[in-house]
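Good morning, colleagues. I should like to take you through one structure today, beginning at its surface and moving on to a sheet. Please keep the view in front of you as I speak.

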Amino acid sequence: MRSRDLWQALSARRYLLSAWPWRATAYLVTGAAAGAATLVGLAVALVVGGALTVVLVGLPLLLLTALAGIPLARLERHRLRLIDRAPAPARPVRQPPATGPWPWLITRLRERATWRELGHALLFALLLWPLDALAVALALAAPLHLAATPLVMATAGGGEEAKVLKQWTVTTWPAASGVAALGLLLLALGGYALGLAAGVRAELARVLVAAPGGEGDPEARVVELTRSRARLVDAFEAERRRIERDLHDGAQQRLVALTMALGLARLDAPPGPLADQLAKAHGEAGRALEELRELIHGIHPKVLADYGLPAAVADAADRSAVPVDVALELPGRLPRAVEAAAYFVVCEALANIGRHSGADRAEVTGGHRDGRLLLRVRDDGRGGADAAAGSGLTGLADRVSVLDGRLSLSSPPGGPTLLSVEIPCEWTERFA
């Protein structure tokens, strides 16, 4: 039966005749080489970055040094295939909220896996690679040197003497043969020692850079659920935009054409019952067109898609039954799902203010601070609003929570009412 990993191979009788001692040796040798290179690279980066910090050039270099564990962890996961044929998956990480290097950098620096992999890199560079080299030297290099004693005596010693490990001298052929036999025995034992050292070393690396637990791991399941939730939100927004586009370019255009045709027929018809019916049909078509336009605007307003959240909130405030002051400062575009959720929260809040609050005035304020969109909708009405009493805000709270956001309502009897929204997000682009 073919061994799947090094631990299974160590318990097999034909371990020394298999490829596993060579794989263990390759793992330790490449670890020593990679660790030495990592030590040099980190030392150079820290020295150069620290020296250039006085002119601010070194700060980005020091920041990138914190990400040094990411490529090293990827290399380590590839090297683990020498010890275990099963792949070592990376720890699950969050996807950046937007494209571009800056959102990616911020997301990686906030990930626990990034700092765990940096810790592995430092441990690798400072401690592990010397242990790898020492294990290879003791278990492989020293026994090979002992086994080669007769050859050394025949070539370098002229057949008279040979230095063994530079510690003692062998002057007779029987002694040289005995040393060689001891070297072969230690070489066989060293094969097992290399396997044990490589196995322990690989287990430590797996704890630090590989995802634990497989499919049943709670952390992996939480991350996967978060990713699937984000994909569902994106798909939902894409479907909303598709419906809005189809209604705008299809049904709305046909209703416009029908309204125009009925209007022309009404002008051409002589006075009488037919003209009255055409006038009635023309008026119904016009009202249907207005309702369809309102429906399209409610699905995904064009001003939101084209100009962003501040313009869309200002447009909603202009259409509100209660005068609304808007002070929303956003110097750029946010992810579409975030903009849509925030917009519909504001629209629902303004609709509730107009229907239920008895307020004379309302205000919408907010901005983007510390990686979060902050919105406040306040009115001077009678208060007493309850998000759980059919106000329509319960569904919006669920929608905000899908984006890892939070919606809170404060509405004591007598007012004022304050609706607060916080949604974590980063910029997708800046306004010119």
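**A nonpolar patch and a mixed sheet**

Let me begin with the surface. Leu-39, Leu-122, Leu-126, Leu-127, Leu-131, Leu-134 and Leu-138 together make a nonpolar surface patch of about 670 Å². I should say at once that this is a predicted model.

Which helix gives the patch its largest share? That is helix α6, residues 112-147, which contributes six residues. Leu-122 is found in helix α6. Its relative accessibility is 41%, and Leu-122 therefore counts as partly exposed, the class between buried, under 20%, and exposed, over 50%.

I turn now to the sheet. Five strands form an open sheet with mixed pairing, and their order is β3-β5-β6-β8-β7. The edges are taken by β3 (324-329) and β7 (406-410); each has a single partner strand, so one side of each is left without a neighbour in the sheet. From one strand to the next, the twist averages 10°.

Let us go through some of the pairings, starting from the edge strand β7. Its pairing with strand β8, residues 417-424, is antiparallel and extends over five bridges. Here Ser-410 stands opposite Leu-418 in β8.

How many bridges join β6 to β8? There are eight, and the two strands run antiparallel. Within that pairing, Leu-373 has Ile-423 of β8 opposite.

On to β5 and β6, which pair in the antiparallel sense over eight bridges. Gly-367 has Leu-374 in β6 as its bridge partner. β5 and β6 form a hairpin, with two residues between the strands. What is the sign of phi at Asp-370 in the turn? Phi is positive there, at about 55°.

As a general reminder, strands of a sheet pair through backbone hydrogen bonds, in either a parallel or an antiparallel sense.

Finally, the helices associated with the sheet. Helix α13, residues 336-357, lies across β3, β5, β6, β7 and β8. The direction of helix α13 is at about 10° to β6.

To review the two topics: the patch is nonpolar, with helix α6 supplying its largest share, and the sheet is open, with five strands in mixed pairing. For the discussion, I suggest that we return to the sheet edges, where β3 and β7 each have a single partner strand. Thank you for your attention.

How values were computed: Residues numbered from 1 in each chain as written. Predicted model: local features only at pLDDT ≥ 70, side-chain atom pairs only at ≥ 80, totals over all residues. Heavy atoms only, no water. Patch = residues over 30% accessible without salt bridge, like charges linked within 9 Å, V, L, I, M, F, W, Y side chains within 5 Å. Areas by Shrake-Rupley, 256 points an atom, 1.4 Å probe, with all protein chains shown as cover. Salt bridge = Lys/Arg side-chain N within 4 Å of Asp/Glu carboxyl O. Helix = DSSP H or I, 4+ residues; strand = E, 2+ residues; numbered from the N terminus. Buried < 20%, exposed > 50% of the residue type's maximum accessible area, 1.4 Å probe, protein only. Pairing = 2+ DSSP bridges. Axes fitted to C-alpha atoms, helices over the stretch in contact; angles between N-to-C directions. Contact = heavy atoms within 4.5 Å.
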